[in-house]
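Trainee: I have a structure to read and would like to learn how to approach its features one at a time. Could you take me through it?

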Amino acid sequence: MIRRFRDILDEKLEQLRRGQTPDLSPYRPGTAQGDELADLLAVAAALQAVPAPEPSALAVARGKQRLLAAMAESERQTARGMPSLWPSLKPIFAGALATAVCLVLVFALNVLGERSLPGSAFYPVKTLKERIQVLVADTPREQAAVHLRMAKRRLNELQAVTLREGVADVALLDAMTREMDAALDALVQVPATQSGALVADLAAVARRQQSTLLWVQRHSPPEQQAILAQAIVRAHETYQIALAAPSQGLKVERPLGRLAVAAIVEFKGPILVEDPDVLTVGSYQVSIAAMTQMERRPDLGSTVEVRAARLEDGRLVALSIRQTAPPADGLWVRVRGTITGAYDSTWLINGRPIVFNATTNLVGWLQPGAHVEASGLLRADGSVLAHDVEVETTASEINLTGPVAERKPDQWVVAGVPVKVVPGTYIDESQALAEQSQGAAVRAVRQSDGTLVARSITALREEPPAAVTLKDVVTARQGDTWTVGDWIVAADAQTRIVADGDPVGRVAEVSAERLPDGTLRAVRIAVETAARPEAVRIAFQGSARWDGGALTVAGRPVKLADSTAAWAQDRPLQALRPAPGRTLVVEGYLQPDGTVAAETVRALRPAKPDEVHGTINEVGAGYVILDGRMVYVDECVEVVAPGGPMSLADLAPGLLVTVVAEPGPDDSLLAWKIRIVGMGPTKGPAPKSTVEPVPAEPTPTAPEPTATPLPTTPAHPKDSHGTPVPVPPTATPEPTDTPPEPTATPTTTPGAPAPGPGGPGGPQPTPTPWPTVIVRPKHKTPMPTPVPPTPTPTPTPTATPEPTDTPPPAPGPGGPGEPPEPTATPTATPGEPPPGPGGPPEPTATPTPMSTLAPKPPRPLPTLQPPGKPMPVPME
């Protein structure tokens, strides 16, 4: 062990004090250490030889006094609590105090930095600390945890800055997105056995990001909506990646990140259209993507809440869909998909039952695997009662109606057009046998060689006028001559043309009649509107409001055009001005100004409407007062009477009616059907009792009456063209020589001719012809088919009055001198004069109600054929 020079010097000095003579060991003389040690020892020996000083008595006394004074001062300080060691401990306490102050400052800076926001003086301290934490983290797991913590901080800062300044900090938004991406990239490198807790934390942060960013979006100006929407979409994708990690692992795929997102929208409504890739929710059409979050696919007709990304081109991509209410019965819905099966009169579209009946409008040929679109009413069991079914096909379809000129096993000639019959052609003989048919309705497709192949043929008992309905591309137009597909159609002044712009190259639906010379005269030409690329097709339903020619449905303005097809449930209308509160289904295109250009407007009838009986007190524009209750009427209302259909103009005060209606606003009613029963007891004389049928045949040259309070003619059967045909009278009352009473007022009797035009004293009115073919802009209408003649009411010997609570009417209009009303119903006998002054007196009795026609026999309901055969032609 090497000793130090100081220790050796101390040993030598101690030897010197004990009177010994120290040597220079371990050093040698002549060396540096030896010479230095010798010099020091010599100085020490010289000092030791100097005698110690002796103080004088005066110095001793003074020293004693100073010591006593110091002792007294020490006692005084001890009495005041001041330790006597303070001067020696003062440096120690000063150092400790400085250290504590430094620690407090560091802690305060840390706290202030953690709570600081961008723009604060302490915010750089916070970012410096975070950079140090990232540098210290040396494993992917630690790095992911650090980035997640910093992403949470950026989110909190973004919310605080938005709340303070009313605008989002874009730099903070970008920093938060970078931290989340860095955390996800680090987690990909962590083994699955060690990343469970961090993946759960990632999902929680991403979910909170979505809700917080939605709040920030609502409080930010419009110019920041796009960048916030993109951040929300990215957070949604991160959340979906984290949810799929336990089963699929962390796969960083962002299909929505490549889309140009303009905003995030949230809405709620029923699902009206079901498509494998698209759902129509209320008035919105939203696409379903791989990243769409939903527990299960919602049911058709159910109410859902949707959060979607609106792209710059107007499309909506669903981020999340949540069902909040079960399907509602009675909604008008649409289903698109592939036919997967069939049984009885039900076909399955993507597994959903689509039920057909006689009123179903089928366009196309149903067969398994075909892609179809069906619309109708949703029923409680989840099936859809189809009204329109259209099969997508590339072939040109033609509908023919007319006389059968030739009938062979492999070919029919209908309306002068040859049509091939193949093994798959379905021949409907529900109305007439094929060998006995005079006419036919054919649905055919044009083949590449120009021939027509029949998909279905409906044999008709009578010969209808020749008519053609086709849908194809307009290839040329020269003046009034149109070339549609391979057909040449001539238009004239009576042709209704619905087209905007040049029709060449666009699809048109043509309804025409075939003249004897073989030419086609167009009745209606409707050219499909070319939708603009930015237009969004929507379908929605809601309560309607008509105000000064402007239609609003579910609070959204709807524009009607000449090409807009109007329907009352399944009955076509010429126009529609809906009553207040009427439920409408609108299909069309959303315009940039928020309005909807309607393509189809359909009024929905409730499944179980109410029936109300009463007397009309007042008739006004769009309403009637029924026993003091408001009943709204519009074009959807059917007015019928025992003699046949009537119009709203025929309604008059005093009529006894039965109204089929649904509840309306403010305890009112929305009428769907009004059946006229008779005249009220207080409006004029009671009707004479009679069971006479219509006495005269309609005269075609007579003018049409403007209005009549009661029907004067029975319902006419119609041919396939829709035009009523005359009905020969079953009985005519013989004339009588007995003059009528001069003061008696003529009485209109149900089933009997009315005075004036149409009665015995004048010709019968000429029924207005019905249109040949009705064509909608989007959907084809069923082929017109004849209806069996309506049976003529059979006269009965006597008519028994129905019980009524109404008191009997007052005497006749002639005043006190008039005879009382009849009390019994006499039987009308040909050749016997009617009661009057020259006959026996009339007994008094309550008025006899009007006679009614016998009900029409039900038509057979056609059923669908098994897969591989076409559907029968639906009848109207």
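Mentor: We will go from the chain as a whole to a pair of helices, then to charged pairs, and at the end to some details of the backbone. Please keep in mind throughout that this is a predicted model.

Trainee: Let me begin with the whole chain: how many helices and strands are there in the protein chain?

Mentor: The protein chain has 9 helices and 37 strands. Of its 876 residues, 41% count as buried, a word kept for residues with under 20% relative accessible area.

Trainee: What share of the contacts between residues at least 6 apart in sequence joins residues at least 24 apart?

Mentor: That share is 66% in the protein chain.

Trainee: Now for the helices: at what angle do the axes of α6 and α8 cross, and within what distance do they come?

Mentor: Helix α6, which covers residues 140-165, and helix α8, which covers residues 196-218, have axes that cross at roughly 15° and come within 11 Å. Because angles under 35 degrees count as roughly parallel, α6 is described as roughly parallel to α8.

Trainee: Is the crossing of α6 and α8 left-handed or right-handed?

Mentor: The crossing of these two helices is left-handed. On the α6 side the residues that take part include Ala144, Leu148, Lys152, Leu155 and Leu163, and on the α8 side they include Leu198, Asp201, Val205, Trp215 and Val216. Sorted by class, the contact of α6 with α8 has 12 nonpolar, 5 polar and 4 charged residues.

Trainee: Since charged residues appear in that contact, what is the general idea behind a charged pair?

Mentor: In general, side chains of opposite charge can pair when their charged atoms come close. This structure holds 27 salt bridges, and one of them joins the side chains of Lys152 and Asp201, with 3.4 Å from N to O. The pair links distant parts of the chain, with Lys152 in helix α6 and Asp201 in helix α8, 49 residues apart.

Trainee: Are Lys152 and Asp201 buried or exposed, or something in between?

Mentor: Lys152 is partly exposed, with a relative accessible area of 31%, and Asp201 also counts as partly exposed, at 24% relative accessibility.

Trainee: Which residue forms a salt bridge with Glu305?

Mentor: The partner of Glu305 is Arg322, and their closest N and O atoms are 2.6 Å apart. Glu305 belongs to strand β4 (residues 303-311) and Arg322 to strand β5 (residues 316-325), so this salt bridge ties together parts that are 17 residues apart in sequence. As for accessibility, Glu305 is partly exposed with a relative accessible area of 30%, while Arg322 counts as partly exposed at 47%.

Trainee: Which residue meets Lys408 in a salt bridge, and which residues are linked in a network of salt bridges?

Mentor: The side chain of Lys408 meets that of Glu406, with 2.9 Å from N to O. Lys408 is partly exposed, having a relative accessible area of 43%, and Glu406 is partly exposed with 27%. The network of salt bridges links Asp181, Arg234, Glu237 and Arg254.

Trainee: Turning to the backbone, is the peptide bond from Ser25 to Pro26 cis or trans?

Mentor: The bond from Ser25 to Pro26 is cis, and its omega is near 5°. Pro26 lies in the loop between α1 (5-17) and α2. Helix α2, made up of residues 32-49, holds Ala38, which is partly exposed with a relative accessible area of 30%. The C-alpha atoms of Ala38 and Leu9 are separated by 9.8 Å, and the two residues are 29 residues apart along the chain.

Trainee: What should I look at in the phi angles of Asp627 and Asp666?

Mentor: Look at the sign: phi of Asp627 is near 50°, which is a positive value in a residue other than glycine, and Asp666 has a positive phi of about 55° although it is not a glycine. Asp627 is found in the loop between β32 (623-626) and β33 (629-632), and Asp666 in the loop between β36 (655-663) and β37 (669-679).

Trainee: How accessible are Asp627 and Asp666?

Mentor: Asp627 is partly exposed, with a relative accessible area of 49%, whereas Asp666, at 78% relative accessibility, counts as exposed.

Conventions
Residues are numbered from 1 along each chain as its sequence is written. This is a predicted model: local features need pLDDT of at least 70, side-chain atom pairs count only at pLDDT 80 or more; totals for chains, interfaces and linings use all residues. Side-chain values use heavy atoms; hydrogens and water are left out. Axes are lines fitted to C-alpha atoms, for helices over the stretch in contact, and angles run from 0 to 180 degrees between N-to-C directions. Helices (H or I, at least four residues) and strands (E, at least two) are DSSP runs, numbered from the N terminus. Angles under 35 degrees count as roughly parallel, over 145 as roughly antiparallel, 65 to 115 as roughly perpendicular and the rest as oblique. A crossing is left-handed if the near helix is turned anticlockwise from the far one by less than a right angle, and right-handed if clockwise. Contact means heavy atoms within 4.5 Å. Ala, Val, Leu, Ile, Met, Phe, Trp, Tyr, Cys and Pro count as nonpolar, Asp, Glu, Lys and Arg as charged, and the others, Gly among them, as polar. A salt bridge is a side-chain nitrogen of Lys or Arg within 4 Å of a carboxyl oxygen of Asp or Glu. Buried means under 20% relative accessible area, exposed over 50%, partly exposed in between (1.4 Å probe, protein chains only).
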